[in-house]
Amino acid sequence: MTDLVLEQVSYRYAAGGTLALDRVELRVAAGERLALIGQNGSGKTTLVRHLNGLLRPSSGRVLHDGEDVARSSVAHLARSVGLVFQDPDRQIFAGSVRAEVEFGPRNLGMRGAELAAAVDEALAAVGLEAEARTNPYDLGTSRRKLLALVSVQAMRTPVLVLDEPTTGQDLRGVAIVRRAVDEANAAGRTVIAISHDMGFVADAFERVVVMRDGGVVLDGTPASVFGEPSWEALRSTYLEPPLPARVGARLGLGATPTDAALLAALLAAGDAGS
Amino acid sequence: MLTLESVGYRYAGALQPSLHDVSLELRDGEVVGLVGASEAGKTTLCLVASGLAPRTVGGRLYGRVLLDGVDVEPMGMDQLAARVGIAFANPATQLSGVAGTVYEEVAFGPMNLGLSLPEVVERTAAALASLRIEALADRDPARLSGGQQQLVAIAGLLALRPSHLVLDEPTAQLDPAGTAMVADALAGLAGDGASILVAEHKTDLLARICARVVALDAGRVVLDGPAREVLADARLPELGVAPPSPVRLERVAAGARLPAAALARLREALPR
């Protein structure tokens with residue numbers, strides 16, 4: 001279990017350059033499922049890279065379970081926070097799909113039958129069982145992305161961070177990602193995902209944090225963040241609520257961020273009317 | 001006009017072809033959407049239609065690819081580059097790597113076409129403005145976010161003003177606003193007469209800009225017709241393609257046995 005806290009975190013990539021993060025305050029309790037949304041360049045990726053020490057704040061503090069991690073190595077933090085990059089090719093390095101998945105758990109000390117079982121389970125979860133001996137670069141991009149996801153997931157870190165996990169995935173790939181989020185969270189792990197897919201965000205997450213210009217502008221449930229009172233703030237970041245939220249508002253049914261919420265509201269309104 | 005005549009394609013060393021007997025005709029000013037599951041052949045079709053395969057990746061092409069009636073195979077790379085542009089899903093593949101600023105990156109293509117300096121400047125400014133990234137002009141492309149890099153890569157392509165354009169998931173890393181700007185820019189290019197092929201998982205985007213949509217399955221064209229019909233086709237999910245949001249919502253509602261009045265109310269509120 002790891003509680004994450006960012007305290008007044010600011011970050012500049014280059015001295016004198018733009019502030020990529022500007023005094024960010026964020027607390028994420030163990031076991032939460034949180035989506036991070038915002039315009040391109042708003043600081044989402046920069047923020048999550050602070051969680052495992054890939055980036056260190058220019059000012060402010062990052063705490064894991066109340067402890068400042070400034071002196072902890074990336075290797076140490078990687079035991080708590082597994083980060084899946086947006087571009088799988090920045091992550092994949094092994095000569096076979098199996099070796100790629102084995103690397104993380106092996107580094108965490110897993111061996112023998114336990115390791116083999118963890119790897120088999122991981123490969124099955126993304127439908128790559130038959131590709132264990134394949135070179136990762138002989139897979140298409142979307143399957144390489146799933147491989148990158150499952151390689152990190154196999155480490156079973158208390159926190160799983162996914163940068164744009166559904167990008168480039170077809171319907172089946174999105175369903176696999178969704179299941180991975182559900183399973184990790186059901187096992188008590190925190191899941192944090194950056195996404196531009198508002199439907200996926202509203203469906204799969206219980207908390208949505210909206211970023212603009214390196215800061216947090218909205219933070220709440222999908223119903224509150226995608227509800228009509230938040231639309232002006234959303235529009236300031238050029239985001240649009242998912243279709244069911246817009247339709248629900250148009251029909252005066254309140255906050256209906258998901259298909260299911262919209263249908264339930266339509267049914268309830270029908271019952272009330274009859 | 002971009003024409004594919006019974007095109008098949010096999011990658012070097014592959015046992016099976018990745019494309020089988022694909023025939024397509026993109027008229028001037030037409031935006032055609034390309035959908036299908038991962039590994040159905042969309043990227044391969046983009047490479048073939050832009051003349052990059054087999055030219056740069058090896059393999060074997062069957063059938064012919066024609067730009068305005070001229071076979072691309074014997075064309076020189078310079079002639080090809082002047083006629084057709086391609087955008088890849090991963091902007092890192094696309095950026096030149098030699099430009100120190102976004103401005104130079106976008107100007108790189110028109111410079112290479114041998115255009116006059118005022119023309120290069122005009123095109124670069126227009127391309128940056130159409131995607132609203134003027135503010136990034138002095139930044140180092142390598143230090144931008146993934147989505148910003150994708151916009152820069154597309155701006156570089158727009159500056160070439162190609163008469164044929166092939167885009168492989170051009171908005172994969174873009175936020176909704178960036179996606180909308182790219183959609184507008186493509187519609188603008190088509191309005192100027194370009195023929196455009198765009199492979200995308202975002203069917204909401206295709207519904208907005210395409211008159212026609214083609215679906216691939218295992219390297220073959222399985223659906224080809226007006227966007228409205230193809231995107232509402234009940235077979236799309238089996239093909240690994242998420243239908244546009246309004247289609248999905250209506251289908252979910254119909255499946256949920258909503259009372260007729262509630263269903264009618266929903267249909268009324270859905271965007272057309």
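## Exercises on a predicted two-chain model

B:Ser6 is found in strand S1 (residues 2-10) of chain B, where strands (E, at least two residues) and helices (H or I, at least four) are DSSP runs numbered from the N terminus. The model is predicted, so local features need pLDDT of at least 70 and side-chain atom pairs count only at pLDDT 80 or more, while totals for chains, interfaces and linings use all residues. Residues are numbered from 1 along each chain as its sequence is written, and chains are lettered from A and ligands numbered from 1 in the order in which they are written.

**Exercise 1.** Describe the backbone and the surroundings of B:Ser6, and then do the same for A:Arg23.

*Solution.* Begin with the backbone: phi of B:Ser6 is near 40 degrees, a positive value in a residue other than glycine. Next, count neighbours, taking a residue as buried if 20 or more other C-beta atoms (placed from the backbone) lie within 10 Å of its own, exposed if 12 or fewer, and partly exposed in between. B:Ser6 has 11 C-beta neighbours inside 10 Å and therefore counts as exposed. A:Arg23, which lies in strand S2 (residues 19-28) of chain A, has a positive phi near 50 degrees, and with 15 other C-beta atoms within 10 Å it is partly exposed. Most residues other than glycine have a negative phi, and most peptide bonds are trans.

**Exercise 2.** Find which peptide bond joins B:Ala53 to its partner, and in which loop that partner is found.

*Solution.* The bond between B:Ala53 and B:Pro54 is cis, with omega at about 5 degrees. B:Pro54 is found in the loop between helix H1 (42-49) and strand S4 (60-67) of chain B.

**Exercise 3.** Decide how far helix H1 (residues 44-51) of chain A is enclosed.

*Solution.* Of its 8 residues, 7 are buried, so this helix is largely enclosed by the rest of the structure. The buried residues are A:Lys44, A:Thr45, A:Thr46, A:Leu47, A:Val48, A:His50 and A:Leu51. Just after the helix, A:Gly53 takes a positive phi of about 80 degrees.

**Exercise 4.** Work out how helices H5 (residues 141-153) and H6 (residues 171-186) of chain A are placed relative to each other.

*Solution.* Axes are lines fitted to C-alpha atoms, for helices over the stretch in contact, and angles run from 0 to 180 degrees between N-to-C directions. The two axes come within 11 Å and cross at roughly 5 degrees. H5(A) is therefore roughly parallel to H6(A), given that angles under 35 degrees count as roughly parallel, over 145 as roughly antiparallel, 65 to 115 as roughly perpendicular and the rest as oblique. Residues are in contact if their C-beta atoms, placed from the backbone, lie within 7 Å; H5(A) contributes A:Ser142, A:Leu146, A:Leu149 and A:Gln153, and H6(A) contributes A:Gly173, A:Ile176, A:Val177, A:Ala180 and A:Ala184.

**Exercise 5.** Locate the largest nonpolar core and the surroundings of B:Leu197.

*Solution.* A nonpolar core is a set of buried Ala, Val, Leu, Ile, Met, Phe, Trp, Tyr and Cys residues joined through C-beta atoms within 7 Å. The largest has 81 residues, and those with the most contacts inside it are B:Val152, B:Ala155 and B:Leu197. Its largest share, 8 residues, comes from helix H6 (residues 146-159) of chain B. Leaving aside neighbours within four places in sequence, B:Leu197 is in contact with residues including B:Leu2, B:Val32 and B:Val166.

Note on methods. Contact = placed C-beta atoms within 7 Å.
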